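The following paragraphs go through a protein model, from its interior to one of its strands and then to a single loop residue. The sequence and structure come first.

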Amino acid sequence: MAIEKVRKYFAGYGMEDRIIEFDVSSATVELAAQALNCEPCRIAKTLSFSADGRTVLIVAAGDAKIDNGKYKARFGTKAKMLSPDEVERTVGHAVGGVCPFAVNEGVDVYLDVSLKRFDTVFPACGSGNSAIELTVEELERYSGCVALVDVCKGWNE
C-alpha cells in the first residue's frame, strides 16, 4: 500500500508521526479541506502529467488550475494529464492519494508558486485518507523538487 511506502520514506527523516490519517476520505481538495478543517486553497494537490515521455508531477495550491500556455512555455509540450491507470503505474500512488513523496524512479516533481503564499500546506501521503502538514520549504526538501515553476492560474486573480 502506497501510504506504507510514504510512512517508511518519512521514517527515514523521523517524521512518520506527522502523517495524519482520517476516518473519512480526503481524496479530493474539497474532501481534504473538510477533513482538515482548513481552506481548500491550503491543500497541496499533486497533478500528474506526461511530458515528452517522462512523468511530471506538479504540486499546486488547491485553488490553482493549470494554465496551458504557461505549462507549454515551461515544458515545451501541451499539458497532458495521465489516466488513473497510468498514474498508479508510473507514479506509484493511486489517484486520490497521489503525492510527491516516495514516487517511482524517473518521476520529476515541480512545485508551483501558488503554494508560496502559505506558511504551511497539506499534501496527501499516498492514500485517499491521509495528509501531512509541511512548510513550503519542507515540501520542497522532502519532495525532491526539481524546480519551482509558475504554470497555474486562478489562484491570484
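In this predicted model, Leu 139 touches Ala 44, Val 59, Pro 100, Phe 101, Leu 111, Leu 115, Val 121, Pro 123 and Leu 134, leaving out residues up to four places away in sequence. Leu 139 is also one of the residues with the most contacts inside the largest nonpolar core, a set of 31 residues. Val 6, Phe 10, Phe 101, Leu 115 and Ile 132 are listed with Leu 139 in that respect. Two or more residues of this core come from each of helix 1 (2–11), strand 3 (54–61), helix 4 (84–91), strand 6 (107–112) and helix 5 (136–143). Another core, of 17 residues, lies apart from it and includes Phe 49, Ala 64, Ile 66 and Phe 75.

Two of the contacts of Leu 139, Val 121 and Pro 123, belong to strand 7 (residues 120–123) and point one way from it. Thr 120 and Phe 122 point the other way, and all four residues are buried. In a regular strand, side chains alternate between the two faces of the sheet. Strand 7 runs parallel to strand 2 (residues 43–51), with 2 bridges joining them; Ala 44 has Pro 123 as its bridge partner. With strand 9 (residues 134–135), strand 7 pairs in the antiparallel sense, also over 2 bridges, and here Thr 120 stands opposite Thr 135.

Ala 79 sits in the loop between helix 3 (68–75) and strand 5 (80–81). Is Ala 79 buried or exposed? Its relative accessible area is 17%, so Ala 79 counts as buried, the cut-off being under 20%. Beyond its neighbours within four places in sequence, Ala 79 is in contact with Phe 49, Ile 66, Asn 68 and Tyr 71. Ala 79 and Ser 48 are 31 residues apart in sequence, and their C-alpha atoms are 9.7 Å apart in space.

Conventions:
Residues are numbered from 1 along each chain as its sequence is written. This is a predicted model: local features need pLDDT of at least 70, side-chain atom pairs count only at pLDDT 80 or more; totals for chains, interfaces and linings use all residues. Side-chain values use heavy atoms; hydrogens and water are left out. Buried means under 20% relative accessible area, exposed over 50%, partly exposed in between (1.4 Å probe, protein chains only). Contact means heavy atoms within 4.5 Å. A nonpolar core is a set of buried Ala, Val, Leu, Ile, Met, Phe, Trp, Tyr and Cys residues joined through side-chain atoms within 4.5 Å. Two strands pair if DSSP finds at least two bridges between them.
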